[in-house]
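Q: Please take a close look at one part of this model, the open sheet. I would like to know how its strands are arranged and what surrounds them.

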Amino acid sequence: MESGQTNTTLKEVIFGDKVRSIPAYLCYGLASLTEITLPASLEVIGNSAFKNCTMSAIYCKATTPPILGTTVFPETATIYVPNEYVEIYKTSWRDYADKIVGYNFE
């Protein structure tokens with residue numbers, strides 16, 4: 001599937017534990033995508049990687065907030081991060097601060 005192409009069946013993506021970066025526009029425009037889980041190993045998320053998706057939940061397990069490109073996430077999503085790191089995420093991801101909440105990953 002080419003970047004930006006609409007997929008009407010993909011609802012959830014769980015990135016593997018060894019993923020360190022997500023390329024720009026990887027899931028851009030996947031209208032059916034409602035939830036993603038990002039691994040603790042993640043360091044970088046490229047521009048518009050999840051833009052124009054209708055996600056309601058993003059789970060980010062990293063204890064250090066990954067470096068974000070521009071307009072990475074849709075405005076519709078709540079971003080769940082490890083409880084102890086909420087304030088660090090809110091400082092690092094200022095554009096999404098009002099969407100960030102703590103979560104207990106186990």
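A: The answer below starts with the sheet and then moves to the core, the loops and the salt bridge.

The model is predicted. Its open sheet has five strands in the order β1-β3-β5-β7-β8, and the pairing is parallel. The edges are held by β1 and β8 (100-103); each has a single partner strand, so one side of each is left without a neighbour in the sheet. From one strand to the next, the twist averages 20 degrees.

The pairings can be followed strand by strand. Strand β1, residues 12-14, is joined to β3 by three bridges, and the two run parallel. Within that pairing, V13 has I36 of β3 as its bridge partner. On to the next pair, β3 and β5 are parallel over four bridges, with E35 bridged to A57 in β5. Three bridges then connect β5 and β7, again in the parallel sense. A57 takes part here too, with T78 as its bridge partner in β7.

One residue of β3 shows what a position in this sheet is surrounded by. T37 lies in strand β3, and it is buried because its relative accessible area is 11%, where the cut-off is under 20%. Leaving out residues up to four places away in sequence, T37 touches V13, I14, F15, Y59 and K61. V13 and I14 fall within the 12-14 range of β1, and Y59 falls within the 57-60 range of β5.

The sheet also contributes to the nonpolar core. In soluble globular proteins, nonpolar side chains tend to be buried together. Here the largest nonpolar core has 27 residues, and L33, I36, L38, I45, F50 and F73 are those with the most contacts inside it. At least two core residues come from each of β3 (35-38), β5 (57-60), β7 (78-82) and α1 (86-92). F73 serves as an example of the contacts made there: apart from neighbours within four places in sequence, it is in contact with I36, L38, I45, F50, I58, L68, I79, W93 and Y96.

Two loop residues deserve a look for their backbone angles. S48 sits in the loop between β4 (44-45) and β5. Although it is not a glycine, S48 has a positive phi of about 50 degrees. With a relative accessible area of 5%, S48 is buried. Beyond residues up to four places away in sequence, S48 touches Y25, Y28, T70, T71 and V72.

T71, one of those contacts of S48, lies in the loop between β6 (67-68) and β7. T71 likewise is not a glycine and has a positive phi, of about 40 degrees. Its relative accessibility is 41%, so T71 counts as partly exposed, whereas S48 is buried.

Last comes the salt bridge, of which the structure holds one. R20 forms it with E43, and the closest N and O atoms are 3.1 Å apart. This pair links distant parts of the chain, 23 residues apart: R20 is in the loop between β1 and β2 (21-22), and E43 is in the loop between β3 and β4. E43 counts as partly exposed, at 39% relative accessibility.

Technical notes: Residues numbered from 1 in each chain as written. Predicted model: local features only at pLDDT ≥ 70, side-chain atom pairs only at ≥ 80, totals over all residues. Heavy atoms only, no water. Core = buried A, V, L, I, M, F, W, Y, C linked by side-chain atoms within 4.5 Å. Buried < 20%, exposed > 50% of the residue type's maximum accessible area, 1.4 Å probe, protein only. Contact = heavy atoms within 4.5 Å. Pairing = 2+ DSSP bridges. Axes fitted to C-alpha atoms, helices over the stretch in contact; angles between N-to-C directions. Salt bridge = Lys/Arg side-chain N within 4 Å of Asp/Glu carboxyl O.
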